[in-house]
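Student: Could you take me through one part of this model slowly? I would like a close look at the open sheet, and then a sense of what lies around it.

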Amino acid sequence: MSLAVKHIEQPSVLYMDGVSVSFDGFKALNSLSMCIEPGEMRAIIGPNGAGKTTMMDVITGKTRPDSGTILFNDQYDLTQHDEAEVANLGIGRKFQKPSVIESLTVFENLELSLQGGRSVWQALTHKLGKQQHQQLEEILTLIDLQDKQTLQAGSLSHGQKQWLEIGMLLGQKPQLLLIDEPAAGMTDEETMKTAELFRNLAQHHSLMVVEHDMDFIDALDCRVTVLHEGSVLAEGSLASVKANDKVIEVYLGR
Ligand SMILES: Nc1ncnc2c1ncn2[C@@H]1O[C@H](COP(=O)(O)OP(=O)(O)OP(=O)(O)O)[C@@H](O)[C@H]1O
């Protein structure tokens with residue numbers, strides 16, 4: 001039974017309060033507290049080692065926090081669930097490196113993502129239902145790969161592979177998406193197109209996006225949280241955190 005207690009009234013899709021994680025005595029997260037509202041897109045920035053990856057790890061059940069509360073939808077105590085259970089609850093995570101199957105086509109990769117639980121062979125020989133077909137078409141349109149759907153994923157550009165992988169996450173219909181450095185390695189054009197994709201995604205999902213690229217974050221046009229030494233250093237609009245003396249000192253000004 002969960003004993004997690006929430007200390008604020010407003011509804012949240014993700015609520016973290018006093019979350020700490022130590023590795024051999026080193027506090028990677030140090031009483032981290034943060035809230036994401038339903039339907040919100042939030043950018044997370046901070047210097048190397050600030051705890052961004054560790055934060056995603058504790059949310060997704062990969063790492064157990066030593067202390068603190070993490071609630072999903074004000075209902076599920078995420079510290080009590082493993083990675084598979086957290087994914088099933090509706091939290092999708094995208095790691096920095098794309099992991100699409102390069103020898104399969106764009107369509108087949110998406111087809112697989114809609115048929116979680118089946119083997120690759122079963123999924124590819126099992127016909128999609130009408131609803132799944134429609135869902136797949138919608139995802140292809142959203143990630144703008146309709147005219148590439150018969151191409152092998154290995155022939156896509158780096159940016160297109162990232163979009164495909166985001167499309168594959170959408171196949172699981174997650175409510176909250178955690179995305180790690182999506183713009184890394186992208187051209188400027190791909191970066192801006194990714195920001196547009198995320199603004200579209202934010203109409204139907206909550207998003208937490210870890211990123212270092214300030215032009216990309218500016219284009220996301222969302223609230224920004226700055227992490228430093230495992231806790232929140234500042235939070236607000238990009239303009240406000242960029243003007244924050246502490247943020248300039250530990251991150252931007254270096
Ligand atoms: N499994 C682990 N064992 C020991 N130390 C760890 C472990 N995972 C993370 N750390 C340490 O915890 C701190 C936070 O790391 P984390 O990867 O969360 O930071 P980050 O903000 O994601 O950094 P980056 O921007 O470089 O990805 C770092 O000092 C890191 O060395």
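Tutor: Happy to: we will go through the sheet strand by strand, and then visit the ligand, the core and a few single residues.

Please keep in mind that this is a predicted model. The chain has an average pLDDT of 92, and 94% of the residues score at least 70. For the complex, the predictor reports an ipTM of 0.94 along with a pTM of 0.91.

Now to the sheet itself. The open sheet has four strands in the order β2-β1-β4-β5, and the pairing is antiparallel. β2 (26-36) and β5 (76-77) are at the edges with a single partner strand each, so one side of each has no neighbour in the sheet.

Let us start at the β2 edge. Seven bridges hold β1 and β2 together in the antiparallel sense. If you want a pair to find on screen, look for V19, whose bridge partner in β2 is L32. These two strands form a hairpin with two residues between them. D24 sits in that loop between β1 and β2, and its phi is near 50°, a positive value in a residue other than glycine. Why is that worth a second look? Most residues other than glycine have a negative phi. As for its surroundings, D24 is exposed, because 4 other C-beta atoms lie within 10 Å, and the cut-off for exposed is 12 or fewer.

Moving across the sheet, we come to the pairing of β1 with β4. Strand β1 (residues 14-23) and strand β4 (residues 67-72) run antiparallel and are joined by five bridges. Two pairs will help you trace this: D17 has T69 as its bridge partner in β4, while S20 stands opposite S67.

At the other edge, β4 and β5 also run antiparallel, with two bridges between them. Here F72 stands opposite Y76 of β5. The two strands make a hairpin with three residues between them, and N73 in its turn has a positive phi of about 55°.

With the sheet in place, look for the ligand. Around the ligand you will find F23, A28, G46, N48, G49, A50, G51, K52, T53 and T54. F23 falls within β1, which covers residues 14-23, and A28 falls within β2 (26-36). Helix α1 (residues 52-59) supplies the largest share of this shell, with three residues. By character, the shell has three nonpolar, six polar and one charged residue.

Next, the interior. The largest nonpolar core has 66 residues, of which I59, L164, V209 and V226 touch the most other members. Helix α6 (residues 158-170) gives the most to this core, contributing six residues. L164 is a good place to zoom in: beyond its neighbours within four places in sequence, L164 contacts V100, V106, N109, I143, L145, A153 and L156. Two of those names, V106 and N109, turn up again among the buried residues of α3, together with L110, E111, L112, S113 and L114. Helix α3 (residues 106-114) is mostly covered, with seven of its nine residues buried.

M208 is another useful stop, and it leads back to the sheet. M208 belongs to strand β8 (residues 206-210). M208 counts as buried, because 25 other C-beta atoms lie within 10 Å and the cut-off for buried is 20 or more. Leaving aside neighbours within four places in sequence, M208 is in contact with I36, R42, I44 and L178. I36 is a residue of β2 (26-36), and L178 belongs to β7 (176-180). By comparison, M208 and I248 are 40 residues apart in sequence, and their C-alpha atoms are 22 Å apart in space.

One last residue goes well with D24. K173, in the loop between α6 and β7, has a phi near 50°, again a positive value in a residue other than glycine. K173 counts as exposed, because it has 12 C-beta neighbours inside 10 Å.

To retrace the path on your screen, follow the sheet in the order β2-β1-β4-β5, pause at the hairpin where D24 takes a positive phi, and then go on to M208 and its contact with I36.

Conventions. Residues are numbered from 1 along each chain as its sequence is written. This is a predicted model: local features need pLDDT of at least 70, side-chain atom pairs count only at pLDDT 80 or more; totals for chains, interfaces and linings use all residues. A residue is near a molecule or strand if its C-beta atom, placed from the backbone, lies within 6 Å of it. Ala, Val, Leu, Ile, Met, Phe, Trp, Tyr, Cys and Pro count as nonpolar, Asp, Glu, Lys and Arg as charged, and the others, Gly among them, as polar. pLDDT is the predictor's confidence in each residue, from 0 to 100. A nonpolar core is a set of buried Ala, Val, Leu, Ile, Met, Phe, Trp, Tyr and Cys residues joined through C-beta atoms within 7 Å. Two residues are in contact if their C-beta atoms, placed from the backbone, lie within 7 Å. Two strands pair if DSSP finds at least two bridges between them.
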